Amino acid sequence: MQETPKFTPILLGSDFNVYGMARSLYELYHQPVKAFASIQLAPTRFTKIVDLELIPGFSEDPVWIDSMRKIKERYRDHKEPVILIGCGDGYAELIAKHKDELSDVFICPYIDYDLLKTLNNKERFYKVCDKYGLPYPKTRTISKAEHDSQTVVEQPFDYPVALKPTNSVEWLDVHFEGRKKAFRIQSREEFDKVLDAAYANGYKSDFILQDFIPGDDSNMRVLNAYVDQHHHVKMMCLGHPLLEDPAPSAIGNYVAILPEYNEAIYKQIKDFLEKIEFTGYANFDMKYDVRDDTFKLFEINLRQGRSSFFVTLNGYNLADWVVKDYVKQDLVDQPTVYGNQDESKHALWLGVPARVFKKYARENADKDRALELIRAGRYGTTYQYSHDMNLKRWALIKWMNHNYSKNFDRYFAENKG
């Protein structure tokens, strides 16, 4: 255990991202972490490691910035540095938007708002990819105006196609029957139906229509990076997802990640992050395309992901980087850490019970490797933590695992089969 930290972390949110970051901090310092959120979510219930304070409406302005001004006054005379960490797209965006006003009291390890608005919009992100030579799937943008003015929207790719909202924050507030986080569209009829329903129910931003890269979940890769305040990449950890959640509201959420080392991917992403002068946490999703032997980028998330605890699990404590950067100030002369070179230290991250992974993951050599790690006891989850267990949390975890099993039985054939 390290010494008690000379800083105070504040997390925003109450989901898996928050619990994963709180657990990473707790494993270092054995201190509970303060968090603020608009609603209580299951991952942070019945826990001793997250001190959660709820503020209704906290997820959006003006409530968010009004509340943060009050929270600022509570910490204004705080002797130790206070680090503000947004554990979700919306919170990361709000911190960046108001960074100038907040930075007199809080450390805000985020890029400027203009760059954030470029990178967290898929349409603009792909233009940046073009500029820096990063591959991504063949793409066409569909606007609300185009949809409203045409009887039939042009669809240039063969089915199936991928369809995703460009504005993930706005999409959270759009609800209709059949809504999904992202769609794999099988027919013209389904394509038209989804567009009609989305725009009829309040969505105003664009959609990204993409050529569907063939292959199952095991063709995906996820990369987490930390970039210091001087825009130098200090840590990169690549993961190889083997299974994704099939539930409509959670499609694209990884539930099994095997650590992987890939020098070419590391170099490509490091060069990109340093050229755009990034800072803070970055999380990339990409998929291997057998047709041209490339890994194609889907998006960049400007925060750690819900499955990013796999980084801590494999020995690169996710929370420690921001502490080293802004509090200890000892990252400047440190070389970049490229994760997972030593296979003997690999650990499998799971977001579902091992029995669900065994049943649904595609049979291949990577699954065989994952099963070896399970047999050896070298695996773990974000939310099941032996140092944070009580009867209520044990029952909650049982309930969550039951729901995961039920969702896989119900949705896997339809959305992932």
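Start by selecting Met389, Leu391 and Trp394: together they make a nonpolar surface patch of about 350 Å². Keep in mind as you click around that this is a predicted model.

**Along α15**

Stay on Leu391, which is exposed, with a relative accessible area of 69%. Leu391 belongs to helix α15, residues 391–415, so select that whole range next. How far apart are the end C-alpha atoms of α15? They sit 35 Å apart, which agrees with the 36 Å that 25 residues should span at 1.5 Å a residue. Now look down the helix to Asp409, where α15 bends by about 35 degrees.

Next, colour the buried residues of α15, among them Arg393, Leu396, Ile397, Met400, Tyr404, Phe408 and Phe412. Polar side chains turn up in that buried set too, including Asn401, Ser405 and Asn415. What do the buried residues of α15 pack against? Show α1 (16–29), β8 (183–185), β11, β12 (254–260) and α13 (354–360), and you have the partners on screen.

**Salt bridges**

A search of the whole structure finds 31 salt bridges. Here are a few to pull up.

Since β12 is already displayed, pick Glu260 and Arg221, a salt bridge whose closest N and O atoms are 2.9 Å apart. Glu260 is in strand β12 and Arg221 in strand β10, so this pair ties together parts that are 39 residues apart in sequence. Both partners are buried.

Then jump to Glu146 and Arg140, another salt bridge, with its closest N and O atoms at 2.4 Å. Are these two buried or exposed? Glu146 counts as buried at 15% relative accessibility, and Arg140 is buried as well, at 14%.

For a pair within one helix, select Asp271 and Lys267, where the closest N and O atoms of the salt bridge are 3.0 Å apart. They are four residues apart in helix α10 (residues 263–275), so about one helical turn separates them. Asp271 is partly exposed, at 28% relative accessible area, while Lys267 counts as exposed at 54%.

Finish this stretch with a group selection: Asp211, Asp289, Arg291, Asp292 and Lys296 are linked in a network of salt bridges.

**Backbone oddities**

Time to turn to the backbone. Most residues other than glycine have a negative phi, and most peptide bonds are trans. The next stops go against that pattern.

Right beside the network, select Asp293, whose phi is positive, near 60 degrees. Asp293 sits in the loop between β13 (280–289) and β14 (294–301), and it is exposed, with a relative accessible area of 56%.

His231 also has a positive phi, near 70 degrees. Look for His231 in the loop between β10 (220–227) and β11 (233–244). At 25% relative accessibility, His231 counts as partly exposed.

Which peptide bond ahead of Pro62 is cis? The one from Asp61 to Pro62, with omega near 5 degrees. Pro62 is in the loop between β3 (50–54) and α2 (63–75).

For the last stop, select Tyr159 and Pro160: the peptide bond between them is cis, with omega near 0 degrees. Pro160 lies in the loop between α7 (144–149) and β7 (161–165).

Terms used. Residues numbered from 1 in each chain as written. Predicted model: local features only at pLDDT ≥ 70, side-chain atom pairs only at ≥ 80, totals over all residues. Heavy atoms only, no water. Helix = DSSP H or I, 4+ residues; strand = E, 2+ residues; numbered from the N terminus. Buried < 20%, exposed > 50% of the residue type's maximum accessible area, 1.4 Å probe, protein only. Patch = residues over 30% accessible without salt bridge, like charges linked within 9 Å, V, L, I, M, F, W, Y side chains within 5 Å. Areas by Shrake-Rupley, 256 points an atom, 1.4 Å probe, with all protein chains shown as cover. Salt bridge = Lys/Arg side-chain N within 4 Å of Asp/Glu carboxyl O. Expected span 1.5 Å × (residues − 1). Bend = angle between axes of the 7 residues up to and from the residue. Contact = heavy atoms within 4.5 Å.
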